[in-house]
Amino acid sequence: GVPPHLPMATVVDIDGGAPAPNGGASLSSDVTATIGKKIASEVLNASTEQAKTLISSYGRIDILRPYFDVETRDVVARLLESFRPKMSRAAPQHINVDLYGPIMLALTLVAVLLVTLRSHGSASLSPEATLMGTCMASAFGYWLGCSLIVYGLSFVFNTAVTATEILSLVGYSLLSYCITLLVVHMSHGTLYATLTWLTLGGLAALRMALVLRSRTADAKQGAIVGGVVAVIHVTFLVYLTVRH
């Protein structure tokens, strides 16, 4: 007959193979834990990068804060100063820097252009969004475009002026545009328009020219820089006066 120990061997073999399913479950658990740790690490890294970006953005905003921290009386003084050209070349003329006044003047110019365009019936020819976009492009386009031209000229002719000083200088000259267009709109006469842009536009252009001339080491090069800026200012003012 069959020896009695053979069935026991078969049972032992079967019992010995039983732990295999438990080993597979343990391996699956380890893989899940590894994936979870990796995902948590990636989420933590992404959150850290986002925090660094926010801190960096706040730092950049904090750098611009001094250019908007200005008193009302200082803005009024700088508005009046934009019509007071100084002839002195003994020392470089000081430029009071802020961006609050120029931005407010650019927005005011947008409003004035809207009023003049609507009064001439242009609103019926184009949608409101297009009209607003045109005025925004005219006001901010001139301010930023003229500032860019001045910055390029200052680089070529070694004019000692910074980008923020140029933005402030050109921005405050927009007051002459606002007043001239309002006078033209209310007077409906070419005589008043001509006198206004000759006086206010001329004074603002002359001030910018003399300031830039005083900041340039060579007198001839300073005259070129100032002359170009003055011509651009007066030419665009005449264009707005005739167009609107």
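This passage describes the helices of a predicted model, the packing of three of them, and two buried residues.

Residues are numbered from 1 along each chain as its sequence is written. Because the model is predicted, local features need pLDDT of at least 70 and side-chain atom pairs count only at pLDDT 80 or more, while totals for chains, interfaces and linings use all residues; side-chain values use heavy atoms, with hydrogens and water left out.

The secondary structure of the protein consists of nine helices and zero strands, where helices (H or I, at least four residues) and strands (E, at least two) are DSSP runs numbered from the N terminus. The mean pLDDT, the predictor's confidence in each residue on a scale from 0 to 100, is 79 for the protein, and 70% of the residues score at least 70. Among the elements, helix α1 (residues 5-17) has the lowest mean pLDDT, 44, and α6 the highest, 94. The pLDDT is below 50 over residues 1-20, and this stretch has zero contacts in the model beyond near neighbours in sequence; contact means heavy atoms within 4.5 Å. Where pLDDT is low, the predicted coordinates should not be read in detail.

Of the contacts in the protein with a separation of 6 or more, 80% join residues 24 or more positions apart. Buried residues make up 32% of the 244 residues. A residue is classed as buried under 20% relative accessible area, as exposed over 50%, and as partly exposed in between (1.4 Å probe, protein chains only).

Helix α4 (residues 100-119) packs against helix α6 (residues 163-172) at an angle of about 40°, with the axes 8 Å apart. Axes are lines fitted to C-alpha atoms, for helices over the stretch in contact, and angles run from 0 to 180 degrees between N-to-C directions. The arrangement of α4 is therefore oblique to α6; angles under 35 degrees count as roughly parallel, over 145 as roughly antiparallel, 65 to 115 as roughly perpendicular and the rest as oblique. The crossing of α4 with α6 is left-handed, a term that applies if the near helix is turned anticlockwise from the far one by less than a right angle, whereas clockwise is right-handed. On the α4 side, G101, P102 and L105 meet L167, S168, G171 and Y172 of α6. This contact has four nonpolar, three polar and no charged residues. Ala, Val, Leu, Ile, Met, Phe, Trp, Tyr, Cys and Pro count as nonpolar, Asp, Glu, Lys and Arg as charged, and the others, Gly among them, as polar.

The axes of α4 and helix α7 (residues 174-187) come within 9 Å and cross at roughly 20°, so the two helices are roughly parallel to each other. The crossing of α4 and α7 is left-handed. Residues of α4 in the contact include P102, L105, L109 and V112, and those of α7 include L174, Y177, L181 and H185. By class, the contact of α4 with α7 comprises 13 nonpolar, four polar and no charged residues.

S82 lies in the loop between α3 (72-81) and α4 and is buried, with 3% relative accessibility. Leaving aside neighbours within four places in sequence, S82 is in contact with Y172, L175, L203, A204 and R207. The C-alpha atoms of S82 and G171 are separated by 9.6 Å, although the two residues are 89 residues apart along the chain. L131, in helix α5 (residues 128-156), is buried with a relative accessible area of 3%. Its C-alpha atom is separated by 9.4 Å from that of L113, 18 residues apart along the chain.
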